[in-house]
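Please open the structure in your viewer and keep the selection panel at hand. The tour below moves from the whole chain to single residues, naming at each stop what to select and what is there.

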Amino acid sequence: MRMSLPLSPTQLRPLFSPGSTTSSALSPRLRPISAASGGGGGHRGRTTPRPSPSQTSAGYLTAIGRAIEEEEEYRRARAEVHRKGVVDVEGYLVEGVSVGGHETCVVVPSLNCAFDIGRCPAKAVHQDFLFISHAHLDHIGGLPMYVATRALYSLKPPTVFVPPCIKEDLEKLFEVHRSMSKDELKLDIVALDVGETYEIRNDLVVRPFKTHHVIPSQGYVIYSVRNKLKKQYAHLKGPQIKKLKDSGVEITDTILSPEMAFTGDTKSDFMLEPRNADAMRAKILITEATFLDDEFGVEHARQHGHMHLFEIMENAQWIRNKAVLLTHFSSRYKIEDIRQAVSKLQPKLSAKVIPLTEGFKSTYT
Ligand SMILES: [Zn+2]
Ligand SMILES: [Zn+2]
């Protein structure tokens, strides 16, 4: 059911102060930083072991000490990623397969959700809710198979959320498939616009947010919903609260907590929009990093409506998420390239970034 939920004042507060949202303060795309500069150098607010007088006289020893410290910091960050594992992210089992231009589908079984459908991997078939970011075939190509396979397994017709501008075409597409296959191909297509809210479970709602790709696109934030006693009634005792409630007074506020955000294909611009603050503070951000190195740089990524890993490094300060799952790597890379590139992120960022390389197929393998 579509619904309009009140937001608490804290949820409405933009992530960025007005002064920090000016384009001059946030124009990282013009200044790509080198991968090498992300991994080393700079004081990170940690206590550096005090060098002995003899070490001080030999400055290089201090440098070695710093390098060792950073290496340790890096190892700790990597260990944390491995502990989390690729599939267990912040308490959520996240699966999927994603190769830029080929297929992208991310599945979260505990939420009964799939984000984009790619070529319809088997795991996605069992999720009742599907969120489509945009109509490129590497994200939507498997949709008819998703619907048909669910029917084959006698699963209920799925609910498929789409950007409003593609709903009509999708309906036509399904009419063609029905005409050709003589199958019913039942599904509920929901055109959900940016800012609208839809309840998918009594404790879960979804809300699309604006992304920036070469065709119309949107991301989705999944929120957990809980009711909290209004502050003005916090001092009351149980029977008094019950009396108020029974008299019809609304005694609770509805609190939405952003659990997961999925962007689909997008330029980095989405990170800088105050209205997208919830995507940037959701527990888990699932986003893309199609390009990773200097060969195809930031400008190339932007021209094609994608994000470059350098931009993620540059925007690290806005990433408040506990974990960031990176997807949509170009198939021009090898898995080792991806791992190496991600390992060069700033240690603080590296600690929470997980590249989704399960099932990744490089052109070269
Ligand atoms: Zn794509
Ligand atoms: Zn695309």
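How many helices and strands does the chain have? In this predicted model, the chain has 13 helices and 16 strands. Of its 365 residues, 35% count as buried, and among contacts between residues at least 6 apart in sequence, 65% join residues at least 24 apart.

**The open sheet**

Select the strands β4 to β9, which form an open sheet of 6 strands in the order β4-β5-β6-β7-β8-β9, with mixed pairing. β4 (95-99) and β9 stand at the edges, and because each has a single partner strand, one side of each is left without a neighbour in the sheet. From one strand to the next the twist averages 20°.

**The β4 edge**

Select residues 95-99 together with residues 103-108, that is, β4 and β5, which pair in the antiparallel sense over 5 bridges. Valine 99 has glutamate 103 of β5 as its bridge partner, and glycine 96 stands opposite valine 106 in β5. The two strands form a hairpin with 3 residues between them, and in that turn glycine 101 has a positive phi of about 80°. Although β4 stands at an edge of the sheet, this strand is mostly covered, with 4 of its 5 residues buried.

Which residue, 261 places along the chain from serine 98, has its C-alpha atom 7.6 Å away? Select glycine 359, whose C-alpha atom is separated from that of serine 98 by this distance; glycine 359 is found in the segment after β16 (353-355). Glycine 359 counts as partly exposed because it has 14 C-beta neighbours inside 10 Å, a number that lies between the limits of 12 or fewer for exposed and 20 or more for buried.

**The β9 edge**

Now select β8 (residues 159-162) and β9 (residues 188-191), which pair in the parallel sense over 4 bridges; here valine 162 has alanine 191 in β9 as its bridge partner. Add helix α7 (residues 167-181) to the selection, since β8, α7 and β9 make a right-handed β-α-β unit.

From α7, go on to helix α6 (residues 143-152), whose buried residues are Leu143, Pro144, Tyr146, Val147 and Arg150. Because these residues cover an arc of only 165° around the axis, they are on the same side of α6. The general background is that an α-helix has 3.6 residues a turn, so residues three or four places apart point the same way. The buried residues of α6 pack against β7 (129-131), α5 (137-140) and α7. Just after α6, select serine 154, which takes a positive phi of about 55°.

**The nonpolar core**

Which members of the largest nonpolar core touch the most other members? Select Ala114, Ile117, Leu130, Phe131, Ile286 and Leu325, which hold that place among the 75 residues of the core. Centre the view on isoleucine 286: leaving aside its neighbours within four places in sequence, isoleucine 286 is in contact with Val106, Phe115, Met260, Ala261, Phe262, Thr263, Leu325 and Thr327.

**Two loop residues with positive phi**

Most residues other than glycine have a negative phi, and the next two stops depart from that pattern. Select aspartate 116, in the loop between β6 (113-115) and β7, where phi is near 55°, a positive value in a residue other than glycine. Is aspartate 116 buried or exposed? Aspartate 116 counts as buried, because it has 31 C-beta neighbours inside 10 Å.

Then select histidine 328, in the loop between β15 (323-327) and α12 (335-343); histidine 328 has a positive phi of about 65° although it is not a glycine. With 27 C-beta neighbours inside 10 Å, histidine 328 also counts as buried.

**A helix in the open**

For the last stop, select helix α8 (residues 238-246). How many of its 9 residues are buried? The number is 0, so α8 lies largely in the open. Extend the selection to glycine 248, which follows α8 and has a positive phi, near 95°.

Note on methods. Residues numbered from 1 in each chain as written. Chains lettered and ligands numbered in written order. Predicted model: local features only at pLDDT ≥ 70, side-chain atom pairs only at ≥ 80, totals over all residues. Pairing = 2+ DSSP bridges. Right-handed = clockwise from strand over helix to strand, strands pointing away. Arc of directions from axis to C-beta. Contact = placed C-beta atoms within 7 Å. Core = buried A, V, L, I, M, F, W, Y, C linked by C-beta atoms within 7 Å. Axes fitted to C-alpha atoms, helices over the stretch in contact; angles between N-to-C directions.
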